[in-house]
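Biologist: I'm new to this kind of picture. Could you walk me through how to read it?

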Protein chains: 2
Amino acid sequence: MLKKERQEFILHQLNLHNKILCADLSNKMGVSDDTIRRDLQELAQDDKLIKVHGGALSKSFHTAFDRKMVYNLEDKNIIAQKTAALVQSGMYILTSGGTSILEFAKSLDSNLNATFFTCSLNAAIEFAHHPSIEVVMIGDKVSKDSMLTTGASAVQTIESIQADLCILGINSLDTQFGLSENDWEVVQIKKAMIKASKKTICIGISEKLNSQQKIKVANLDEIDILITELDPNDPILLPFKHKGLTIY
Amino acid sequence: MLKKERQEFILHQLNLHNKILCADLSNKMGVSDDTIRRDLQELAQDDKLIKVHGGALSKSFHTAFDRKMVYNLEDKNIIAQKTAALVQSGMYILTSGGTSILEFAKSLDSNLNATFFTCSLNAAIEFAHHPSIEVVMIGDKVSKDSMLTTGASAVQTIESIQADLCILGINSLDTQFGLSENDWEVVQIKKAMIKASKKTICIGISEKLNSQQKIKVANLDEIDILITELDPNDPILLPFKHKGLTIY
DNA sequence: TTCGTATTTGCGGTTTTTTGCCTAATTTAA
DNA sequence: TTAAATTAGGCAAAAAACCGCAAATACGAA
């Protein structure tokens, strides 16, 4: 196995699992630990991954946790503005949770007259602060990690709605694997939301693009619009445009 | 699990729960207390969290904490303690919203194993911070004044529950008129909750006693227990005791 | 093809990091 | 105050990283 080939494989594994161990890789590929270590070192120098003692972590994984809240607030605001422009009075809208959605909720025009359905406790509270919009909280068991209601009852409720729009925060979006998540229950909710809506909008900072997580939520062709903080003509977004998504 | 990964996880947990215990983390991740402590130490050195005896606090939480100073907090705490003492593992409990309920949620024993049903968005979030209890959010249209879900669907959901306990925050309680409220929709919810439970507990500061509001929720005989910040033998509470309520 | 060079790889020995355990000291709660 | 829980520091084992070197391999030019 060639060096280049090996490094491609490492990056692939990293996209899949978000972390890799030196020992695992050397075993799986039948090369020495040293070789793997040298590979990881090079890839880390090229900023393709984060080298840590014992293995390596995917970049998106690392940035996903500690930066997202603080750093990207400005970006999230741009996203929120763009998204708010797509919402019109009279619409019925399904939304997930996440910081991008919260920012979006704050950016809504104060004389907007729409109805929002959500499984996110925090989003519901944020929407409820708005003077004129209606908020419907979709009930079920509360998933503590995500502060989302999840379960069969919630899915059933969503299925009984015919919404104009579905606005989802992105965890991971990839041209090949599509929209993906790590939490099975949350995936079920998002799938139901997409199915219950005429149009699906995915919003999130560009960091989340070109990364994958364990469970698929939807293929790219199920998503209509992609909104990031970037200019719609940014080359990073081109592959998604080619796949048929409308970019804002 | 890699060291870096572990530390990211700790920060993630901290963002979610605002506080974490050494022992909890070491259990959850299957490493020794020492390792966790060393992790927390490093993260504290990097200013990512605040290390305290037994665990750590989220930075944002600590700064946001003092603004929550409600004037009756001490009284509410007494109420919360008394109420928490009545809850046992395995119970199914319906609760309304309000600051007293929120304080109650914070006072629950960390190894309690009960299931809470609520229409209050804020209460659901507070309950969800607890490590082991289950939280079910009852869905419906969000009433903006009270941040409660109200409506036929919510009432129907409540009717399908058989709870051990119903814990209601008091708006007005009067020996003659009983428990009363001003919001028609909220009244419907509370009535349904009382009906769906074996026992009903009313909690609130004594200021709320001997006052009436427009719409009756329940007669005194539908209420089993009354909890205030006062001593159970306080003369203010005597009339309620005579009406058959148990006072704590 | 064959040769020479540059790169890559594996190995042994050493150093560093990480982790768990131990004990003593400190803090907390009753 | 005492008793229990938490922490600090030292220590040792295991894992991982580092270093230099020599063998193996790839690659381009004759």
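Modeller: Let's go through the chain contacts, the sheet, the DNA surfaces and one residue in turn. This is a predicted model, where local features need pLDDT of at least 70, side-chain atom pairs count only at pLDDT 80 or more, and totals for chains, interfaces and linings use all residues. Residues are numbered from 1 along each chain as its sequence is written, while chains are lettered from A and ligands numbered from 1 in the order in which they are written.

Biologist: How many residues of chain B are in contact with chain A?

Modeller: Two residues are in contact if their C-beta atoms, placed from the backbone, lie within 7 Å. Here, 26 residues of chain B are in contact with 28 residues of chain A. On the chain B side, α1 (3–17), α7 (121–128), β6 (134–137) and β7 (140–143) each supply at least two residues. The largest share, 8 residues, comes from α1(B). Those helix and strand names come from DSSP runs, numbered from the N terminus: H or I over at least four residues for a helix, E over at least two for a strand.

Biologist: And what is that side made of, by class?

Modeller: We count Ala, Val, Leu, Ile, Met, Phe, Trp, Tyr, Cys and Pro as nonpolar, Asp, Glu, Lys and Arg as charged, and the others, Gly among them, as polar. The side of chain B that touches chain A has 13 nonpolar, 5 polar and 8 charged residues.

Biologist: Which strands form the open sheet?

Modeller: Strands pair if DSSP finds at least two bridges between them. In this model, 9 strands form an open sheet with mixed pairing, in the order β15(A)-β14(A)-β12(A)-β9(A)-β4(A)-β5(A)-β6(A)-β7(B)-β8(B). Its edge strands, β15 (246–247) of chain A and β8 (148–150) of chain B, each pair on one side only. Strand β6 of chain A meets β7(B) in the antiparallel sense over 2 bridges, and A:Val136 stands opposite B:Lys141 there. Strand β7 of chain A also pairs with β6(B), antiparallel over 2 bridges, with B:Met137 as the bridge partner of A:Asp140.

Biologist: What does A:Ala124 touch?

Modeller: Leaving out residues up to four places away in sequence, A:Ala124 touches A:Thr118, A:Val135, A:Met137, B:Leu121 and B:Val142.

Biologist: Now the DNA. Which residues are closest to strand C?

Modeller: Being near a strand requires a C-beta atom, placed from the backbone, within 6 Å of it. For DNA strand C, 13 residues qualify, and the closest are A:Val31, A:Ser32, A:Thr35, B:Ser32 and B:Thr35. α3(B) gives the most to this surface, with 3 residues. By class, the surface has 2 nonpolar, 6 polar and 5 charged residues.

Biologist: And which come nearest to DNA strand D?

Modeller: Of the 14 residues around DNA strand D, the nearest are A:Cys22, A:Ala23, A:Gly54, B:Cys22 and B:Gly54. The largest share of that surface, 3 residues, again comes from α3(B). The classes there are 5 nonpolar, 4 polar and 5 charged.

Biologist: Last one: why is B:Leu21 called partly exposed?

Modeller: A residue is buried if 20 or more other C-beta atoms lie within 10 Å of its own, exposed if 12 or fewer, and partly exposed in between, with C-beta atoms placed from the backbone. B:Leu21 is partly exposed because it has 16 other C-beta atoms within 10 Å. B:Leu21 is found in strand β1 (residues 19–21) of chain B. Not counting residues up to four places away in sequence, B:Leu21 touches B:Gly54 and B:Gly55.
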